[in-house]
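Please open the model in a viewer and keep the sequence panel at hand. The tour below moves from one selection to the next and describes what is found at each stop.

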Amino acid sequence: MPLLDLQKLTVGLSRTWAGFLRDWDRSLRAGNYPETTRYNYLLAAAQLGRYLGDHSPDPDARDAAEDPCAVTRAHVEAFQGWMIETRSASTAVNKHKGLQQFFKWLLLDEEAIDRSPMQRVRQPKTPRKLIPVMRDEDTSKLLDACKGKGFANLRDEALIRVYCNTGARLSEVGNLLVDDVDLNTESVRFHGKGAKDRRVRFGPKTARALSRYLRARDKHKGAALPHLWLAERGTAALTPNGIKILLKRLGAAAGVADVHAHRWRHSFAHEWKRAGGDTGDLMLLLGWTSEDMPRHYGASAAAERAQETQARLGIGERV
């Protein structure tokens, strides 16, 4: 089932709101935006429209609930405050980014408004949470929980090793096709954000796990599908959201808390920096274009690296 169901997404919105979102989605598809990005953008706009109709205390919100061209800065600020109160600051940030794109499209592409209501609307501040890296002992526990010769056992081990060995995003691994894996060169082609492909090498243990899984996959009912990862039963692919749930379940079975793919991404960045690896090379491998990302992903383990350097230098110990 596709993630984006536009008819479901626009339930409760006026015909004008729904029409604009339909046209915006067409524009996003023409720009080759990934489905997840389109969904998040459209959801933010749809939630604003429903908020204006159902929750806004502003007396003029009724007009804005009928037509997004009537939305004001005050409407957006009230919506962001409501999002912070009912969800979280990080969720409000995501809505802010989506609405920036929506009103930019209304302004520049559709020329439906003379000025974006997002002007001078501040992005909510969020506390930076330090995501702990995935320690080798925790990864070992998860791999132990996968031991076995069944299809699911082989698939789950290959999944974990690909995440651990490449530091790729949840969706990048989850959306892999069989043709993306090259066992001859021990490399995999990831389809990253912004339609940016990259090829990343993997090690012998990952290659062995993938080879074993692919042999089992050849005997599966869904072997004809192009998707690399298959559900255990039936002929369906295992989606990124399914992998997310799977990792949580494996974590519970292995006694490892808070298991998610991005923890391996943080670990990859940490180990790379710890070994003195070049930041530019790290950005290429993990599909980053901003230098802020290596700093963010290494932040959770930066103190540990600093302490190791302090102990090695022995400052103050020579007197």
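Helices and strands are here DSSP runs, helices (H or I) of at least four residues and strands (E) of at least two, numbered from the N terminus. The model is a predicted one.

**The whole chain**

Begin with the entire protein chain selected. It contains 14 helices and 3 strands. Along the principal axes, its C-alpha atoms fill a box of roughly 70 × 65 × 35 Å. Of the 319 residues, 41% are buried. Among contacts with a separation of 6 or more, 58% are between residues 24 or more positions apart.

**Residues 15–107**

Next, select residues 15–107. An unreviewed UniProt entry annotates this range as "domain: Core-binding (CB)". Within residues 15–107 the chain is 81% helix and 0% strand. The C-alpha atoms at the two ends of the range are 20 Å apart.

**Helix α2**

Narrow the selection to helix α2, residues 15–30, and show the side chains of D23 and R26, which both belong to this helix. They form a salt bridge with an N to O distance of 3.1 Å. The two residues are 3 positions apart, about one turn of the helix. Add R22 to the view: R22, D23 and R26 are linked in a network of salt bridges. Are D23 and R26 buried or exposed? D23 has a relative accessible area of 22% and is therefore partly exposed; R26, at 44%, is partly exposed as well.

Remain in helix α2 and select A30. A30 has a relative accessibility of 68%, so it counts as exposed. Adding D281 gives a pair separated by 251 residues in sequence and by 32 Å in space, C-alpha to C-alpha.

**R135 and W264**

Move to the loop between α6 (89–109) and α7 (136–145), where R135 lies. R135 is partly exposed, at 33% relative accessibility. Select W264 together with R135: the two are 129 residues apart in sequence, and their C-alpha atoms are 8.7 Å apart.

**The crossing of α8 and α10**

Select helix α8 (residues 151–166) and helix α10 (residues 204–217). Their axes come within 8 Å and cross at roughly 145°. The crossing of α8 past α10 is left-handed. Which residues make the contact? On the α8 side they are F151, L154, R155, E157, A158, R161, V162 and N165. On the α10 side they are K205, T206, A209, L210, R212, Y213, A216 and R217. Coloured by residue class, this contact divides into 8 nonpolar, 2 polar and 6 charged residues.

**E172 and R198**

Now show the side chains of E172 and R198, which meet in a salt bridge at 2.8 Å, N to O. This pair links distant parts of the chain, with E172 in helix α9 (residues 170–174) and R198 in strand β3 (residues 197–201), 26 residues apart. E172 and R198 are both buried. The structure holds 14 salt bridges, and side chains of opposite charge can pair when their charged atoms come close.

**E186**

Select E186 in the loop between β1 (181–182) and β2 (187–191). Its phi is positive, about 50°, although E186 is not a glycine. Most residues other than glycine have a negative phi. E186 is partly exposed, with a relative accessibility of 24%.

**D258 and K248**

The last stop is D258, in the loop between α11 and α12. What is the phi of D258? The value is near 55°, which is positive in a residue other than glycine. D258 also takes part in a salt bridge with K248, at 3.5 Å from N to O. The pair links distant parts of the chain: D258 lies between α11 (240–254) and α12 (261–274), K248 lies in helix α11, and 10 residues separate them. D258 has a relative accessibility of 41% and therefore counts as partly exposed. K248 is likewise partly exposed, with a relative accessible area of 42%.

Technical notes
Residues are numbered from 1 along each chain as its sequence is written. This is a predicted model: local features need pLDDT of at least 70, side-chain atom pairs count only at pLDDT 80 or more; totals for chains, interfaces and linings use all residues. Side-chain values use heavy atoms; hydrogens and water are left out. A salt bridge is a side-chain nitrogen of Lys or Arg within 4 Å of a carboxyl oxygen of Asp or Glu. Buried means under 20% relative accessible area, exposed over 50%, partly exposed in between (1.4 Å probe, protein chains only). UniProt positions are given in the numbering used here, feature names are shortened, and annotations may be inferred rather than shown by experiment. Axes are lines fitted to C-alpha atoms, for helices over the stretch in contact, and angles run from 0 to 180 degrees between N-to-C directions. A crossing is left-handed if the near helix is turned anticlockwise from the far one by less than a right angle, and right-handed if clockwise. Contact means heavy atoms within 4.5 Å. Ala, Val, Leu, Ile, Met, Phe, Trp, Tyr, Cys and Pro count as nonpolar, Asp, Glu, Lys and Arg as charged, and the others, Gly among them, as polar.
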